[in-house]
Amino acid sequence: MGGTNHPQSCHNLPSPTMSEIPLHDPMSARSEILARIRSANRGILGVDREPTADESWRTIPRTYRQNSSLADAGRVQLLTERFIDYGAGVYKCQSVDVAAKVADILQSRTKQKLLVSRDVDPMWLSQDGLKFVYDNELSYSEIEDCDGVLTGCTVAIAATGTLALCHTSNGNRRALTLLPDYHLCVVRASTIVETVPEGFRALEAHRLQPITLISGPSATADIEMTRIQGVHGPRVLDCVIVV
Amino acid sequence: MSPVPAHDFKDSRSPDFPTAALPLLQDAQLRNNLRHATGIIQGKRARVVGEMPDWQALREAGQRIRAHAHEYLDLYLEQFEDRCTAAGGHVHWARDAAEANLIVVQLAKHSTGKVIKIKSMTTEETGLNRALEAAGISPVETDLAELIVQLGHDKPSHIVVPALHKNRRQVRELFARTMNLPDLGDRPEDLAEAARLHLRRQFLSTPVAISGANFLIAETGGVCIVESEGNGRMCLTLPRTLISVAGIDKIIPRFQDLEVMLQLLPRSATGERMNPYNSVWTGVHPGDGPQEFHIVLLDNRRTEVLRDPEARETLHCIRCGACQNTCPVYRQTGGHAYGSVYAGPIGAILTPQLAMMERGQSLPYASSLCGACYEVCPVKINIPEILIHLRGRVVTGRPKALSALHPEAVVMRAMRWIFSNSTRFSMAQRVGRIAQRPWIRRSGWIERLPSVLGRWTRTRDLRPLPAQSFREWFHGRHESSAVLPQSSEPHHE
Ligand code: SF4
């Protein structure tokens, strides 16, 4: 059945087992795998791989949508619809009203003690009856002990209802939005993009930081394909869009 | 040290596809669950893919990114190693499953006798759990479905929804017994809550976690994991040590390429616009997450697949499971019939290549070549064409090879010729609809085709070619833009 340019027999050779490989020989595993890749690719692509990887990468056709077709209000509207679709709460307010709105939401959710991530503008915090805690090397049980967490986000993607958090070790680490049962995120309208590629352009500068993309509360459909919200992460996600 | 058993990727004693499928076909419960689940995901997928005007452009880009990454695989792996190491990670290389397991077991030995795990097809492929157990380390699966599979001493039946063969009453019974919760309800919420409480303790007390990886980013040395439940984030964030095992095929060139992959994968896998959680990390981040990170780059015959010009695109696969949900054979039999970690159309082409031809021989026949898998594949893997090619290898690879004039070899050559060109393929389908008429039984099913095609129909009753082929329907569909029912949201890695 022609077409393959390598001996048929190589498909029938057993691969080496551990007993045949000298233990503690990591370099040979590495060089052997790389050699196998090179020989496989040489057989198909020829000896001189032209062009270079960078040149070749640039020829990948990217005719998919890369830009917004919506104006600001349209992006806010789309993001709102997506959040509602995921079962997340969505609120809107002017920038001068964020502190009052945050206090309102926390009251209606009966949350009092909130972790505050370092990217939160202190102007968003009102003091009446609420306790805000910054992460000064808190233990996991101290984090779990809080009623929820308040964060900002680096960029929000309307088309997919996605919040992108870029973490830093000084007061904005990943565990903060993971252990508590409630997450309230404040999104500035200016950080909302429409498409996923625009979102990744905004994330490019943060690509070496830990990044978490959050699209609705955690969920599973593992049992009879019925959606259940909040398996391990925060079970409730609310979002304030600052317009 | 204690010997580490290599997982026999496809157990040589496991029955071939037709034998394994027979009892499963008779299990009405399994078939109901399968049809229900795959039907829901298919509908959701069609809806969120249908709303994307640029879906074909994304597929094209996805295919090209994967093909490009594999053409420069050696360079990209070295680059990944370089960047990951610079960021404080440790990179290990494993030629086969046994070597990967040995590395992981040695690293995990310092744990407290157990490790937490995120669902990963790759560690299923290497049989890591058995190796860990043999070394006295218990692996705790943290994914709801994997937990169900593990507690029930069962095997996963689907890439994305591994426990879809179990319904809520069966899960309730299992949890009540194994977690000692006699009063547990059987609403999905009750069951998820039980899992949340059961696992929270494990997340906080286990020092070592093991994961797979969805994408390795050469440019940054970063790793991306796509998930739904948050168990992934728990494992990636809380333990002191994280060990990830990834096939060498998982590499993508640059961070920016995620903008394509993270559009293709969730829509194809679970029919969501985006899955709830995607995590990207790069080596070790001081003050945030595990302070020791290891990644094991696994070959396990992937370089052999790379060597075959007609089958190497099998490695483009991003494990979305869309081809399974759409496959009429899979929807009838479920994953267990394939006797392998990878089931459905992708399993039918991947398993025989990874496990060597003589052991996966019946799998390339476990398909009706209807072409639906190709149409849904987000990275455009031409599964039917590869199936034909592998059938060819089965035929020619037999001892004292059947001669080129053997009827089956002749048919396979004809098939290759037909499948290599989409016009010929469509024409053949139309001819086939006419030519098959004498064999359609009153039930509407073809039970056995004459002579040389007998082997083909042995695996199942062949559904007659529909009056309208999938391709014809698919292309006509855009004009009528059918409204698909909205349904609840399934989720998963
Ligand atoms: S072969 Fe394609 S459709 Fe099937 S699991 Fe892989 S990527 Fe998905």
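How much space lies in the second largest cavity? About 110 Å³, in what is a predicted model throughout.

**View 1. The second largest cavity, one of nine.** The structure holds nine cavities of 30 Å³ or more, and this close-up picks out the second largest, with its space of about 110 Å³. Two elements of chain B each give two or more residues to its lining: α14 (322-326) and α17 (372-376). The lining counts 16 residues in total. Look around the centre of the cavity and you'll find Cys317(B), Cys320(B), Cys323(B), Cys377(B) and Pro378(B) lying nearest. As for character, the lining splits into 14 nonpolar residues, one polar and one charged.

**View 2. The ligand and its shell.** Here the ligand is put back into the picture, sitting in the second largest cavity. Its surroundings include the cysteines Cys317(B), Cys320(B), Cys323(B) and Cys377(B). Ile318(B), Ile346(B), Ile381(B) and Ile383(B) are also part of the shell, along with Pro378(B) and Val379(B). Arg319(B) and Gly321(B) complete the set. Sorted by type, the shell has 10 nonpolar residues, one polar and one charged; the charged one is Arg319(B) and the polar one is Gly321(B).

**View 3. An aromatic pair across two chains.** Three aromatic pairs turn up when the whole structure is searched over all chains. The one shown brings together Phe200(A) and Phe255(B), with ring centres 5.4 Å apart and 55 degrees between the planes, so it counts as tilted. Phe200(A) belongs to helix α6 (residues 196-203) of chain A, while Phe255(B) lies in the loop between β8 (251-252) and α12 (258-269) of chain B, so the pair joins two chains.

**View 4. The two domains of chain A.** Chain A is divided into domain 1 (26-60) and domain 2 (72-242). Their C-alpha centres lie 42 Å apart.

Terms used: Residues numbered from 1 in each chain as written. Chains lettered and ligands numbered in written order. Predicted model: local features only at pLDDT ≥ 70, side-chain atom pairs only at ≥ 80, totals over all residues. Heavy atoms only, no water. Near = heavy atom within 4 Å. 1 Å grid on protein atoms, 1.4 Å probe; cavity = no way out; pocket = protein on both sides within 12 Å on 5 of 7 lines; lining within 4 Å. Sits in = over half its atoms within 2 Å of the grid points. Points joined across faces, edges and corners; volume = space filled by probe spheres on them. Helix = DSSP H or I, 4+ residues; strand = E, 2+ residues; numbered from the N terminus. Domains from an automatic or database assignment. Phe/Tyr/Trp six-rings, centres within 6.5 Å; stacked < 30°, edge-to-face > 60°.
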